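The following note is offered to a colleague who has the sequence and the model at hand. The points are numbered for ease of reply.

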Amino acid sequence: MLTKNIFITGFMGTGKSTVGKLLAKITDRSFLDTDKLIESREKMSINDIFSQYGEKYFRNLENNLMKEICLNQNTVIATGGGTLLIEDNYQLATRCGIIFLLQAKPEIILNRLKDEPDTRPLLSGVNKLEKISFLLEQREEKYNRFKLIIDTSNLTAEDVVSRIIELYKKEINNE
């Protein structure tokens with residue numbers, strides 16, 4: 001039985017939560033969204049956590065949650081966009097699961113986020129496409145260390161889930 005955790009990470013708007021929920025349903029696994037779990041526990045939005053306590057406080061919450069999550073098995077975990085860019089979180093995820101990085105073109109990301117309320121602290125203000133491109137460029141080196149990468153730009157959630165299942169099985173067989 002394939003019980004190793006599946007981590008889905010990547011930039012905002014690449015489909016982490018949508019794909020994660022569908023993957024968990026299809027594979028009969030539990031699903032956790034780290035941002036939603038933090039919001040629930042803190043009783044405030046990520047945006048409010050950033051504004052009131054700062055990014056460092058938020059990253060500490062993520063790290064503590066990652067340590068807790070790694071006690072689980074057979075779980076699909078959608079991480080926040082920056083969670084696995086932190087070395088300790090990356091190492092934790094690598095030890096207790098298989099990581100999939102979802103990517104998309106900046107224009108696709110902007111289009112996917114256009115109908116959302118302005119709740120993403122890293123994208124507040126004007127010229128969101130420029131900010132998305134800048135942040136993607138900033139994160140490129142760290143994103144490149146992930147070996148299981150899926151570009152979701154022109155795929156449905158179902159297509160991405162199929163690809164994850166296929167790659168997951170290959171990874172398990174190679175261990």
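1. Two strands are taken to pair if DSSP finds at least two bridges between them. Strand S4 and strand S5 (residues 149-151) meet this criterion, since three bridges join them, and the two run parallel. Within this pairing, Leu102 stands opposite Ile150 of S5, and Gln103 is placed opposite Asp151 of S5. Please note that the model is a predicted one.

2. In what order do the strands of the sheet lie? The sheet is open and is formed by five strands in the order S2-S3-S1-S4-S5, with parallel pairing. Strand S2 (30-33) and S5 are the edge strands, each pairing on one side only. From one strand to the next, the twist averages 20°. As a general matter, the strands of a sheet pair through backbone hydrogen bonds, in either a parallel or an antiparallel arrangement.

3. Strand S1 (residues 5-10) pairs with S4 in the parallel sense over six bridges. Two of the contacts may be located by residue: Thr9 has Leu101 of S4 as its bridge partner, and Ile8 stands opposite Phe100 of S4. S1 also pairs with strand S3 (residues 75-78), again in the parallel sense, over three bridges. In that pairing Ile8 stands opposite Ala78 of S3. Ile8 thus has a residue opposite it in S4 and another in S3.

4. Are the residues of S1 buried or exposed? S1 is mostly covered, and six of its six residues are buried. Asn5, Phe7 and Thr9 point one way from the strand, whereas Ile6, Ile8 and Gly10 point the other way; all of them are buried. Ile8, which is involved in the pairing with S3, therefore belongs to the buried residues of S1, under the cut-off of 20% relative accessible area.

5. Strand S4 (residues 97-103) is largely enclosed by the rest of the structure, because six of its seven residues are buried. Its parallel partners are S1, over six bridges, and S5, over three bridges.

6. How do helix H4 and helix H5 lie relative to each other? The axes of H4 (residues 55-69) and H5 (residues 87-96) come within 10 Å and cross at roughly 15°. Angles under 35 degrees count as roughly parallel, and H4 and H5 are therefore roughly parallel to each other. Their crossing is left-handed.

7. A search of the whole structure finds three aromatic pairs. One of them joins Phe50 and Phe58: the ring centres are 5.2 Å apart and the planes are at 45°, so the pair is tilted. Phe50 counts as buried because its relative accessibility is 16%. Phe58 is likewise buried, with a relative accessible area of 3%.

8. A charged group also lies over a ring in this model: the charged end of Arg145 sits over the ring of Tyr90, at 3.7 Å from its centre.

9. Is Lys21 buried or exposed? Lys21 is found in helix H1 (residues 16-27). With a relative accessible area of 52%, Lys21 is exposed. Lys21 and Asn111 are 90 residues apart in sequence, and their C-alpha atoms are 21 Å apart in space.

Terms used. Residues numbered from 1 in each chain as written. Predicted model: local features only at pLDDT ≥ 70, side-chain atom pairs only at ≥ 80, totals over all residues. Heavy atoms only, no water. Phe/Tyr/Trp six-rings, centres within 6.5 Å; stacked < 30°, edge-to-face > 60°. Buried < 20%, exposed > 50% of the residue type's maximum accessible area, 1.4 Å probe, protein only. Lys NZ or Arg CZ within 6 Å of the ring centre and 35° of its normal. Helix = DSSP H or I, 4+ residues; strand = E, 2+ residues; numbered from the N terminus. Axes fitted to C-alpha atoms, helices over the stretch in contact; angles between N-to-C directions. Parallel < 35°, antiparallel > 145°, perpendicular 65-115°, else oblique. Left-handed = near helix turned anticlockwise from the far one by under 90°.
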